[in-house]
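Hi everyone, thanks for making the time this morning. I'd like to walk you through one model, so let me put it up on the screen.

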Amino acid sequence: MNRTQDRFVPDNLVTGTHHLMKSLNRGVILGLLRRETSLSRIELSKLTGLDAKTITNLVREMLQEKIVVAAGYQKKKMGRNPKIINLNEDYGYSLGIDLGASHVRAGLVNFKAGLVFCREEFITRRDNRVSIVEKIVRGCRLILEEFPDKREKIRAVCLAAPGFLNREKGEIIRSVNLPGFTSVPIGKILRRELGLPFYLEESSRAMARAEGLFGAAKDHKSFILLDLGVGLGTGIVINRHLYRGVEEMAGEIGHIVVEVKGDRCHCGRRGCLETVASGAALARLGRIGRSESGIDARALALAARNGDTAAVGLFNRAGSFLGLGLANLINLFDIPVIIISGRLAEAGDLILDPMKRSLREHLLFLTDRKIRLVKGQLGEDSALLGAASLAWDELFTPSF
Ligand SMILES: [Zn+2]
């Protein structure tokens, strides 16, 4: 290389590149451990393509920093049993909160995505914007009081919230299923009240993160999480990245119009999928002609199982519209793995059977296609765990 070219090489390039490579390699190793739970150095070398010496050096450093721990030996039939390493669950913690239309669930989550402790408060009809925010703050405070010894290791408070968000500002722009939730500066409030960094993610996308990292979708690079709850949502993951859309409004399956002259939706239009197939819609339709006032989708499912034909009819109708919406989504994106999650999914075959029938009816070229409908593995914890994982994004390989 001659001197002229030399001048264009900044002094710090070599060191900068070295540090960058090292931190990328560490991220890759941590990312693998997050997905696979425990691995030997040989496995890490195979999976990353890094040579044994590099892996040994990186692992030694991470052991010293207590990010990873030695976790015994792998049992092999022949030869030496290799040592395995694991993420150190006590390396750090995050406070995860799942804010839903019916609940505030707050939990302490360790570095290995284990839920150490969790508490839930219900949201009732008497609640408003102020009282719901109070429930969120109270949930976090009680956890901090419960675990004073972990206080120093709690790195962030992370919220999964439904609706339209400004993640950078930490603001809930509009959440139609929560009373008065327009322009709520929740990040500012929680940072002030708890003195912790704050991260925000939309609920269905948080669920998709969790199922993709630790749950039913961890072996799939691309999948759609269908969140069946009081409202409907999706988390669309393409090559391990959440697809958000230009204004973060992608995947609004609840507002696909399925009945042009249908009921008025809370979004202001008519006949959205959410007016016929969400938990809220089932509760509303289920109350018609009944004396009980407090009926919700769960009570309606119980009635259906006890032979109430009107209730069965409502689930059939809801499932059939859901199948139509889902078929449209699969036809658009060509993503054949669907993870079913959310509290309405607990109605099981009552809603899933008519959904599958309708899906088959509306899907393009069905005979050649393998569609996999898989139940989420993380149940009620998925949004909370997905939110909590945001605290560690800087450490791990960029994904989502
Ligand atoms: Zn709508």
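Let's begin with a question: how many bridges join β2 to strand β3, and do the two run parallel or antiparallel? One thing to keep in mind as you look is that this is a predicted model. The answer is four bridges, and β2 and β3, which covers residues 83–87, run antiparallel. If you want a pair of residues to find on the screen, take Tyr73, which stands opposite Lys83 in β3.

Now let's widen the view to the sheet around that pair. It is an open sheet of three strands, and their order is β1-β3-β2, with antiparallel pairing. The edges are held by β1, residues 38–40, and β2, residues 68–73, and each of these pairs on one side only. On average, neighbouring strands here are turned by 35° against each other, ignoring direction.

Where are we in the chain as a whole? The domain assignment gives domain 1 as 3–87, domain 2 as 93–207 plus 383–392, and domain 3 as 220–376. So you can see that domain 2 is listed as two segments. Taken over C-alpha atoms, the centres of domain 1 and domain 3 are 43 Å apart.

Next, please look at a second sheet. This one is also open, with three strands in the order β8-β9-β10 and antiparallel pairing. Why is one side of β8 and of β10 left without a neighbour in the sheet? Both β8 (164–166) and β10 (182–184) stand at the edges with a single partner strand each, so each has one side with no neighbour in the sheet. From one strand to the next, the twist averages 20°. Strand β9, residues 171–174, pairs with β10 over two bridges in the antiparallel sense. A handy pair to pick out there is Ile172, standing opposite Val184 in β10.

My last stop is a pair of helices. Which ones? They are α5, residues 129–146, and α6, residues 186–194, whose axes come within 11 Å and cross at roughly 35°. The crossing is right-handed. On the α5 side, the contact is made by Val133, Val137 and Cys140. From α6 come Ile186, Ile189, Leu190, Glu193 and Leu194. Sorted by class, that contact has seven nonpolar residues, no polar ones and one charged one.

That's my tour, and I'm happy to go back to any of these views.

How values were computed. Residues are numbered from 1 along each chain as its sequence is written. This is a predicted model: local features need pLDDT of at least 70, side-chain atom pairs count only at pLDDT 80 or more; totals for chains, interfaces and linings use all residues. Two strands pair if DSSP finds at least two bridges between them. Axes are lines fitted to C-alpha atoms, for helices over the stretch in contact, and angles run from 0 to 180 degrees between N-to-C directions. Domain bounds come from an automatic or database domain assignment. A crossing is left-handed if the near helix is turned anticlockwise from the far one by less than a right angle, and right-handed if clockwise. Two residues are in contact if their C-beta atoms, placed from the backbone, lie within 7 Å. Ala, Val, Leu, Ile, Met, Phe, Trp, Tyr, Cys and Pro count as nonpolar, Asp, Glu, Lys and Arg as charged, and the others, Gly among them, as polar.
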